[in-house]
Amino acid sequence: MRLDLKKYSALFALFILGCLTFAQDAEARKKKPDNYKTKYVGSVKCNGSCHDAYYQAWKKTGHGKAFQLLGPGERAEAKKKAGLDPEKDYSADPDCLRCHTTGYRQKGGFRDANMKKPSFIDPEEPNKEEVGCEMCHTVAGGSEIRKVMKNTKGKFTKEDTEKYGQRWDYANVCARCHLHPKSPHTPEVDKKYEFNFEAGVKKVHKVDDFWTEDNMDQKLKKADERKKQTAKSETTPLVIEDWKVKQKKKGPKLYLEKSSQPYNKISGKDRKPFKKEHGKKYKKSKEWKKFLEDREWFKYQGGEDKEG
Ligand code: HEC
Ligand code: HEC
Ligand code: HEC
């Protein structure tokens with residue numbers, strides 16, 4: 001009898017231990033943002049569980065079909081007017097892709113037909129081809145921002161996601177393409193290319209037309225609270241990226257100018273001292289965590305300061 005009791009208490013202890021490990025696993029499975037590994041994930045990832053109405057609305061806009069414009073014969077008149085060849089296929093031309101796709105030449109971003117492992121294109125489900133969600137909402141891709149949104153069940157502040165590359169400086173976001181000096185579509189070419197931010201914002205995703213019984217539960221509950229917050233990127237807008245297209249042996253290649261990239265990636269050089277001190281476990285060290293917290297994630301462009 002006594003032996004049995006011992007046996008049972010041992011089993012019970014094992015059971016408790018099992019529960020604890022399981023709970024720990026569950027905690028580990030809850031994905032934590034990884035500050036320096038942010039990358040583009042594509043618009044499809046924003047659809048399907050959280051922002052279906054936004055995706056459906058976006059799909060129908062010019063941004064959701066922007067890649068198709070690069071095909072031969074598309075908008076022939078507009079191309080001629082802009083000095084472009086209406087019969088040419090521009091769909092793998094770096095001179096166009098930065099503004100007509102998502103995250104081109106950045107981690108996880110769109111890969112054109114001339115690159116290794118080109119992006120898969122599904123005409124029914126626009127993704128990294130097209131001007132996707134991440135071109136307006138992030139600087140370096142939505143992978144980490146998604147984790148914050150999920151882990152907080154939507155109760156995040158602007159600052160929470162801004163740390164991982166979300167931007168809230170919408171007017172500046174549009175300028176990134178619509179007013180970029182490298183755009184072939186200037187008001188000199190056609191007056192219709194003059195950009196009106198206030199009118200434009202109303203068209204980016206007319207989400208009110210896309211709420212259904214199935215996605216109603218995805219309506220943002222904290223959006224009004226966030227509207228009252230002022231993000232750092234709103235007071236000091238993020239830099240507008242610039243790039244160069246260089247002729248290489250295999251053809252032209254786009255390089256984003258490092259000095260104009262707002263996302264301040266952690267380089268191997270910055271990690272070195274932590275590795276030296278803590279070996280492979282540096283990521284678990286207090287010092288490393290503090291370093292991440294203290295880090296200024298973005299290089300802000302001084303806006304008016306810079307001009308003055
Ligand atoms: C700097 C960003 C940028 C670059 C580079 C760029 N585009 Fe565009 N493109 C835009 C924007 C923004 C619009 C929408 C302009 C508008 O309607 O006001 C646009 C619109 C277009 C249109 C539709 C124009 C119309 O009036 O219907 C075509 C076609 C097009 N682009 C082709 C190209 C091609 C081809 C290239 C490369 C040679 C290119 N674009 C490079 C940003 C860019
Ligand atoms: C052309 C730029 C652009 C694209 C592309 C875009 N958005 Fe937006 N989005 C905006 C702007 C601008 C606002 C703010 C609008 C406002 O305040 O009325 C916004 C607001 C939102 C909001 C509300 C955020 C809040 O807290 O209030 C969500 C959610 C959102 N967008 C999701 C998406 C998703 C998902 C996609 C892709 C399917 C997408 N957006 C594509 C520009 C864009
Ligand atoms: C990554 C580049 C890019 C960014 C960023 C961008 N746009 Fe665009 N936008 C385009 C392109 C390309 C088109 C051309 C689509 C077409 O003519 O069919 C376009 C077309 C438009 C149009 C007209 C076509 C339509 O019905 O959708 C509006 C309005 C517009 N953009 C507003 C905005 C606003 C507002 C923002 C910022 C919140 C913004 N865009 C940010 C590239 C961009």
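How many buried residues does strand E1 have among its six residues? The count is zero, and E1 is hardly covered. Keep that strand in mind while we walk through the rest of this predicted model.

Start with the overall make-up. The protein holds 14 helices and two strands. It has 308 residues, and 25% of them count as buried. Now take the contacts whose partners have a separation of 6 or more. Residues 24 or more positions apart account for 65% of these.

Back to the strands. E1 covers residues 243–248, and E2 covers residues 251–256. They pair in the antiparallel sense, over six bridges. Two residues form the link of the hairpin that joins E1 to E2. You can trace the pairing residue by residue. Tryptophan 243 stands opposite leucine 256 in E2. Glutamine 247 has proline 252 of E2 as its bridge partner. In a regular strand, side chains alternate between the two faces of the sheet.

Next, look inside. In soluble globular proteins, nonpolar side chains tend to be buried together. The largest nonpolar core here has nine residues in all. Among them are Ala66, Phe67, Leu70, Cys96 and Leu97. Tyr104, Phe110, Val131 and Met135 belong to this core too. There is also a second, separate core of seven residues. Cys46, Ala53, Ala57 and Cys133 are included in that second core.

Three ligands come next. Ligand 1 has 22 residues around it. Those that come nearest are Ala78, Cys96, Cys99, His180 and Ser183. Cys96 also appears in the largest nonpolar core. Three helices each give two or more residues to this shell: H3 (76–81), H4 (94–100) and H8 (170–178). Which of the elements gives the most to the shell around ligand 1? It is H4, with five residues. By class, the shell around ligand 1 divides into ten nonpolar, five polar and seven charged residues.

Ligand 2 is surrounded by 20 residues. The closest are Cys46, His51, Tyr54, Cys133 and Cys136. Cys46 and Cys133 are also part of the second core. Helices H2 (52–59), H5 (133–137) and H10 (223–228) each supply at least two residues of the shell. H5 gives the most, with four residues. The classes around ligand 2 are 13 nonpolar, six polar and one charged.

Ligand 3 has 22 residues around it. Gly62, Ala66, Cys174, Cys177 and Gly200 come nearest. Ala66 is a member of the largest nonpolar core as well. H4, H5, H8 and helix H9 (197–201) each supply at least two residues of the shell around ligand 3. H8 gives the most, with six residues. Here the shell has 13 nonpolar, six polar and three charged residues.

H8 deserves a longer look. Asn172, Val173 and Cys177 are buried in this helix. Why do these residues sit on the same side of H8? They cover an arc of only 140 degrees around the axis, so they are placed on the same side. What covers the buried residues of H8 includes H4 and H5. Both of those helices also contribute to the shell around ligand 3.

Finally, visit two single residues. Aspartate 89 is found in the loop between H3 and H4. Aspartate 89 counts as partly exposed, because 13 other C-beta atoms lie within 10 Å. Beyond residues up to four places away in sequence, aspartate 89 touches Gly71 and Pro72. Aspartate 89 and proline 72 are 17 residues apart in sequence, but their C-alpha atoms are 4.7 Å apart in space.

Tryptophan 288 lies in helix H13, which spans residues 286–294. How covered is tryptophan 288, buried, exposed or partly exposed? It is partly exposed, because it has 18 other C-beta atoms within 10 Å, and a buried residue needs 20 or more. Leaving aside neighbours within four places in sequence, tryptophan 288 is in contact with Phe274, Tyr282 and Lys283. Histidine 278 is ten residues from tryptophan 288 in sequence and 9.5 Å away in space, C-alpha to C-alpha.

Notes:
Residues numbered from 1 in each chain as written. Chains lettered and ligands numbered in written order. Predicted model: local features only at pLDDT ≥ 70, side-chain atom pairs only at ≥ 80, totals over all residues. Near = placed C-beta within 6 Å. Nonpolar A, V, L, I, M, F, W, Y, C, P; charged D, E, K, R; others polar. Pairing = 2+ DSSP bridges. Buried ≥ 20, exposed ≤ 12 C-beta atoms within 10 Å, placed from the backbone. Arc of directions from axis to C-beta. Contact = placed C-beta atoms within 7 Å. Core = buried A, V, L, I, M, F, W, Y, C linked by C-beta atoms within 7 Å.
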